[in-house]
Amino acid sequence: MFDFRSYAAAASVEDAVRLLAEKPNAVIMAGGSDVLIKMRSRDMSQVDVVSIYGLDELRGIRLEPNGDIRIGSLTSFSHIEHDETVNRLIPVLSQAAGTVGGPQIRNIGTIGGNTCNGVTSADTASTCFALDAIIELTGSEGVRHVPIVGFYLRAGKVDIRPTEIQTAVIIPRDSYENCFGHYQKYAMRNAMDIATLNCSVNVRLNADGAIERARIAYGVAGPVPMRAGSAEAAVCGMPAGEDAAHIFADAAIRDINPRDSWRASKAFRIHIAHELAVRGLTESMRRAGATI
Amino acid sequence: MNVGKSVPRVDAYDKVTGRTQYTDDLCPGDALVIRVLRSTVANGRVLSMDISKAQAVPGVVRIFTCFDVPKLAFPTAGHPWSTDPAHQDVADRFLLTDRPRFCGDDIGAVVAENEVAAMQALRLIEVEYEEYPFVLDAQEAMKDGAPLLHEEFPNNVLGHSSIRIGNYEEAIKEEGLIRFDDWYDTPTVQHCHIENFICTARMENGRIVVTSSTQIPHIARRVVAQALSIPWGDVRVIKPYIGGGFGNKQDVLYEPLCAYICRELGGVLVKLDMPREETFTSTRVRHAIRNHIISYVRPDGTFVARKLECFSNQGAYASHGHGVAAKGMGAFPQLYPCPNVECDAYTVFTNRPVAGAMRGYGIPQAMFAVESNIDDIALRLGMTPMALRKKNLMPVGYTDGFSRNVNYYDSFNQCLDKGAEYIDYYRKHEEYSRQEGNIRRGVGCAAFWYNTAVWPISLESSSCRMVLNQDGSIQLQLGETEIGQGADTAFAQMASDAVGIPLERVHVVSCQDTDVAPFGTGAYASRQTYVGGFAIKQTADILRGKILSYAHELTRMPVEILDLVDGNIIRRTDNQALMTLAELATTALYSLDHSVHITAESTYQVKSNAYSFGCCFAEVEVDISACKVRLIDMINVHDCGSLINPQLAGAQVHGGMSMAIGYGLSEQLQFDPKTGRVLNDNLLDYKLSTTLDHPDLTAGFVENPEPTSVFGTKALGEPPACPGAPAIRNAILNATGVSMNTIPVNPHRLFEAFCKAGLINTKEVN
């Protein structure tokens, strides 16, 4: 039994917007794998729930004519993991989606829920950061597009305005074209876990085998997922190789700000962040064809 | 013969199709719901409780505070009752308490029409506490001036026992001895059975009927009656199928509270279905035991004198008490006998959750210390760990002076040799000890000692009933309980052979209902197959005697030449089948000359005991800079006597190995040092290992028939969980040269240890 005050299932995006206008404090529920757990605690008792889970129009992945990849917000992790377009064009996202929880969670959990939940450890979030994803939101004022970096306001808080729901995650063409990535989830066990730290890297090499662009994003290195900008700048133009990976990692750990908690010490997280940066860029460069 | 064959579990089809009924399946939907109000302070006193707001919540039926219940202390340990007051368990629990001793202690209870109303009411109860300082560490709790939990136990010491062999002080004066002094620490872990604790209670004709997910229905009946101060016969406990127990349900948990509330509400049906979070904090946990071992060893590896100190963290109440640490300590001078030994075990109250029985009962803790210590000593002596083990191992013929247990065979060496061969231990251990680079492999080994059953410390008996049906089949009832381990199937196999009827003609009555089930003390101490075997054989002989005597009446053949084989009455002289048992049984019930209901029932008192032996070998790959251990291969080898059902035995071993993997690498309850609260009371933050953290698990057996058992069998319930953690730890030592003396060996601990050992250079960050 769950402790909610009211429950309404939206019949369409417009209907969801209308329901949210009626109940401004309602909790939006997609797969429920986060919301229903939170409802066991005092913090989320006696809430109004608006379920958008039935909105099939928000499911599926589409390659747009301009080359952008549009992922409906209700697309499940297992769908993303096995989707042909994702595996062909952004396999790093398939890799990330495949590390969420266990098989049952990947079937019910959605990329929209993962990003709207606002937690730093979300497995697909860091990859969306590293791919400069655009979040599409639909509300009574119309449709809004927000770069994912701006979407995360603080821990547990994202930029969803009253009456809005997230309707898509868009990966722009320039963001993935000729890019090769690698996602690493560092957790205490190999399944059914949240990341102690996670790291998504992607790289584009030029014709000479030098790094044209490298991007890295972490989860759990700060209160929200974050990019390590100076690491990306430090290796720009460098030849692909071990040196680049180490310079990249040395810079990356200066960009991040993990905290000490009972789950892991700051020193440990920094060490692992360095290790993941080295390994992430090395593997990405290998996938891009470099011999390392 | 069915014993020794891998017949399918008798409950397999119902379990995989979801038809099997557990406690909640048996409970009608209109049961009132009980939720327990938990202390938010680790040590203190409840001064007052304001329930007015909570009472106003729609659906709330009644709220009980710690001030409402009778002050009648009762014991909870699932031990057989002792008629000698000196040997009775400590009675220190109340239905609810106004003197909470850990975060999660029971200070009130809400009864409501549904779960949500109960939860809302719990949040609205206002509690005023007087808070006391608290202590979480056993050795800290022993210090003078530490917060005292129970007035009757100075320095919080619940129990202290010692072993003295030879003369330690004299022996260590020998010249040329090398001294080793090491500490080994084990964590508080939880059983994590898939079915949380649950019980229901209702009254019927003035008696209280409790249905509970318990391993020990007859003990639960006794404790409920003691807690409510009512005649024991006024309580009936029903134990249906249960979703695992691992010792947690070898305690009486909330059956008394549930029964009490039922009675106070006039006998209506009430249900207490504990959430996972509370199962973690407020049922039972494994004792965290810190071991200190000092060894004086000759350069050739001979142990001359050894000392062991164990500090066992009991948590807030006595539960199983000192027995757990004492059992662990008992292994020390026996596994590697030494002429001069001093052991002291202390069981100490702290403000942690209550420790009770958990699979292995002190032996996993002891084996982590003892078997890690062997590899540490061997490394420093420049010997191979296997040579040091074999030099000092319990010899053939070793007899325990107290239990009279005997090491009849060379089981230890046979198990070690089998495991070593499987994993190619000698070659790999040598090769892996000289590695460089970031990715390194290692192999490790650990043996274990385990004592089957309980005799001569407490009562050991088993009762069995067999009832013959018209079709020649029987109902088989025992006091021993099926808790997922496959006991029913093993019993059916034994009964089939002992009576002389086909396996499918044995109908095991799985449920124990204390009104009709034979008396038995339940599932614990890896004893049921051993003790149940005696009662099954004895009762089968009685039943056969009655059947053959009736066959004599019908066939006029002397009993001496009759036999019952595979459901037929056989004349042994010419092997002719004279009639089927079905014909005999039908005649016996409906005969107009001599109608008789053929049944047999008996109790066998067991006054023997058996050692169970074995070992584990593990191979790991350590990624040093990632601080990660990957298990590549793992084998347990057991001598548990003759196997009753090899496939079930293998499954039992796999389950134990899985538990050992978590124990060694990932599981621990964590406590907030500021509040004493459990930080990770859920299956996300408590890192139970998953199948993806396991290699393929291999179970090996050395089948030396146990001479004292009718079926040649001995313990296999708990032993599989005992040697895994030190084997993995020793493999990490082989790979990296780093001794990890605290489990779990998780990445956080490896990071610190590798930094200290210079294997990792920490990055300077401003």
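Trainee: Does B:Asn156 count as buried or exposed?
Mentor: B:Asn156 counts as buried, because 23 C-beta neighbours lie inside 10 Å. The cut-offs are 20 or more other C-beta atoms within 10 Å for buried, 12 or fewer for exposed, and partly exposed in between, with C-beta atoms placed from the backbone. Keep in mind that this is a predicted model: local features need pLDDT of at least 70, side-chain atom pairs count only at pLDDT 80 or more, and totals for chains, interfaces and linings use all residues. Residues are numbered from 1 along each chain as its sequence is written, while chains are lettered from A and ligands numbered from 1 in the order in which they are written.

Trainee: And what about phi of B:Asn156?
Mentor: Phi there is near 65 degrees, a positive value in a residue other than glycine. Most residues other than glycine have a negative phi. B:Asn156 sits in the loop between helix 4 (138–142) and strand 6 of chain B; helices (H or I, at least four residues) and strands (E, at least two) are DSSP runs, numbered from the N terminus.

Trainee: How does B:Asp566 count for burial, then?
Mentor: B:Asp566 counts as partly exposed, because it has 13 C-beta neighbours inside 10 Å. Its phi is positive too, near 50 degrees, and its loop runs between strand 20 (562–565) and strand 21 (568–571) of chain B.

Trainee: Back to strand 6. Which sheet has strand 6 of chain B in its order?
Mentor: An open sheet of five strands in chain B, ordered 6-14-13-12-7 with mixed pairing; strands pair if DSSP finds at least two bridges between them. Strand 6 (157–165) and strand 7 (178–185) of chain B are the edges, each with a single partner strand, so one side of each has no neighbour in the sheet. From one strand to the next, the twist averages 5 degrees.

Trainee: How many bridges link strand 7 and strand 12 of chain B?
Mentor: Eight, in the antiparallel sense, with strand 12 covering residues 288–297. In strand 12, B:Ile294 is the bridge partner of B:Asp181.

Trainee: Which strands does helix 10 of chain B lie across?
Mentor: Helix 10 (residues 363–381) lies across strand 7 and strand 12 of chain B, at about 145 degrees to strand 7. Angles run from 0 to 180 degrees between N-to-C directions, with axes fitted to C-alpha atoms, for helices over the stretch in contact.

Trainee: New topic: where is the cis bond to B:Pro456?
Mentor: It joins B:Trp455 to B:Pro456, with omega near 5 degrees. B:Pro456 is in the loop between strand 15 (439–451) and strand 16 (461–468) of chain B. B:Ile743 and B:Pro744 are also joined by a cis peptide bond, omega about 0 degrees.

Notes. Two residues are in contact if their C-beta atoms, placed from the backbone, lie within 7 Å.
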